[in-house]
Amino acid sequence: MKHVKAGDFLILLIILILIFFSFRFSFSKKGSTVLVNAKDKEYVYSLTKDGIYEVEGLNGPTKFQIKNEKIRIIDSTCPNKTCVHQGWGTTLVCLPNKVIISVEEKGGFDAIAE
C-alpha cells in the first residue's frame, strides 16, 4: 500500500474545498426577480424586498417568504406539505396546488443566447 504524501493531501484538500463552494453557490443563485405561476397567472416580486406573500393556487392559498434574497414556501393547502419541506431554494414547486416559484437571474441568458 502506498503512503499518502503531503502533496497528495494538499490536492485532495483543494478538491474538497472546490466541491464545497460549488455546491454552496449552486443552491444560492442570486437573482433580482421572483416569478410565481399559479392558476394560469404569473406574478412578479422583487427578490430584494423581504416579506411574506400569498398567491391563490388551484386548491387554495400558498404562502411564501422572501428573505435575504432567498425564497421558501412556508404554507400551502396541499396534504403532504412536500413544498414546505423543500426549504430555501431558487425553484420551488407545489404540485397539488399547481404553484411554481422561480428566481430569474440578474443578467441571465436564455438557452438560445448561450
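What follows is a chat about a predicted model of one protein chain.

Me: Quick overview first. How many helices and strands does the protein chain have?
Reply: There are two helices and seven strands in the protein chain. Remember that we're looking at a predicted model.

Me: And in what order do the elements run from the N terminus?
Reply: They go α-β-β-β-β-β-α-β-β.

Me: What share of the residues counts as buried?
Reply: 26% of the 114 residues in the protein chain. As for the surface, the accessible area is about 8,300 Å², and carbon and sulfur atoms account for 61% of that.

Me: What about contacts over long stretches of sequence? What percentage join residues at least 24 apart?
Reply: 31%, taken among the contacts between residues at least 6 apart in sequence.

Me: OK, the core. Which residues of the largest nonpolar core touch the most other members?
Reply: Val34, Val36, Tyr45, Phe64, Ile66, Ile71 and Ile101, out of 18 residues in that core. On the strand side, β1 (31-38), β3, β4 (61-67), β5 (70-76), β6 (91-94) and β7 (99-105) each put at least two residues into this core.

Me: Pick phenylalanine 64. What is it in contact with, leaving aside neighbours within four places in sequence?
Reply: Quite a list: Val36, Tyr45, Gly51, Ile52, Tyr53, Val55, Arg72, Ile73, Ile74 and Ile101.

Me: Now glutamate 54. Where does it lie?
Reply: Glutamate 54 is in strand β3, which covers residues 51-56. Its relative accessibility is 46%, so it counts as partly exposed.

Me: What does glutamate 54 touch beyond its neighbours within four places?
Reply: Tyr45, Pro61, Thr62 and Lys63. If you want a distance for restraints, the C-alpha atoms of glutamate 54 and isoleucine 73 are 9.6 Å apart in space, with their positions 19 residues apart in sequence.

Me: Switching to charges. How many salt bridges does the structure hold?
Reply: One. The side chains of aspartate 75 and lysine 81 make it, at 3.7 Å from N to O.

Me: Are those two ends buried, partly exposed or exposed, and which relative accessible areas go with them?
Reply: Aspartate 75 is partly exposed because its relative accessibility is 38%. Lysine 81 is partly exposed too, at 27%.

Me: Cysteines next. How many disulfides are there?
Reply: Zero. Cysteine 78 is in no disulfide, and the nearest cysteine sulfur, in cysteine 83, sits 3.6 Å away.

Me: Why doesn't cysteine 94 have a bond to cysteine 83?
Reply: Because the sulfur of cysteine 94 is 3.6 Å from that of cysteine 83, its closest cysteine sulfur, and that's too far for a bond. The cut-off used for a disulfide is 2.5 Å between the sulfur atoms.

Me: Buried or exposed, those cysteines 78 and 94?
Reply: Cysteine 78 is buried, at 4% relative accessible area. Cysteine 94 is buried as well, at 1%.

Me: Where's the nonpolar patch on the surface, and which residues form it?
Reply: Phe9, Leu10, Leu13, Ile14, Ile17 and Leu18 form it, with about 580 Å² of accessible area together. One of them, leucine 13, belongs to helix α1, residues 6-26. Leucine 13 counts as partly exposed because its relative accessible area is 38%.

Me: Backbone check. What is the phi of lysine 39?
Reply: Positive, about 50 degrees, although lysine 39 is not a glycine. Most residues other than glycine have a negative phi, so a positive one is worth a look. Lysine 39 lies in the loop between β1 and β2 (41-46). With 45% relative accessible area, lysine 39 is partly exposed.

Me: And aspartate 40, what's the phi there?
Reply: Near 60 degrees, again a positive value in a residue other than glycine. Aspartate 40 also has its place in the loop between β1 and β2. The relative accessible area of aspartate 40 is 85%, so it's exposed.

Me: Last one: asparagine 59. Which loop is it in?
Reply: The loop between β3 and β4. Not counting residues up to four places away, asparagine 59 touches Thr77, Pro96 and Asn97.

Me: How far is its C-alpha from that of lysine 98?
Reply: Asparagine 59 and lysine 98 have their C-alpha atoms 8.3 Å apart, while along the chain they're separated by 39 residues.

How values were computed:
Residues numbered from 1 in each chain as written. Predicted model: local features only at pLDDT ≥ 70, side-chain atom pairs only at ≥ 80, totals over all residues. Heavy atoms only, no water. Salt bridge = Lys/Arg side-chain N within 4 Å of Asp/Glu carboxyl O. Buried < 20%, exposed > 50% of the residue type's maximum accessible area, 1.4 Å probe, protein only. Helix = DSSP H or I, 4+ residues; strand = E, 2+ residues; numbered from the N terminus. Contact = heavy atoms within 4.5 Å. Areas by Shrake-Rupley, 256 points an atom, 1.4 Å probe, with all protein chains shown as cover. Patch = residues over 30% accessible without salt bridge, like charges linked within 9 Å, V, L, I, M, F, W, Y side chains within 5 Å. Core = buried A, V, L, I, M, F, W, Y, C linked by side-chain atoms within 4.5 Å.
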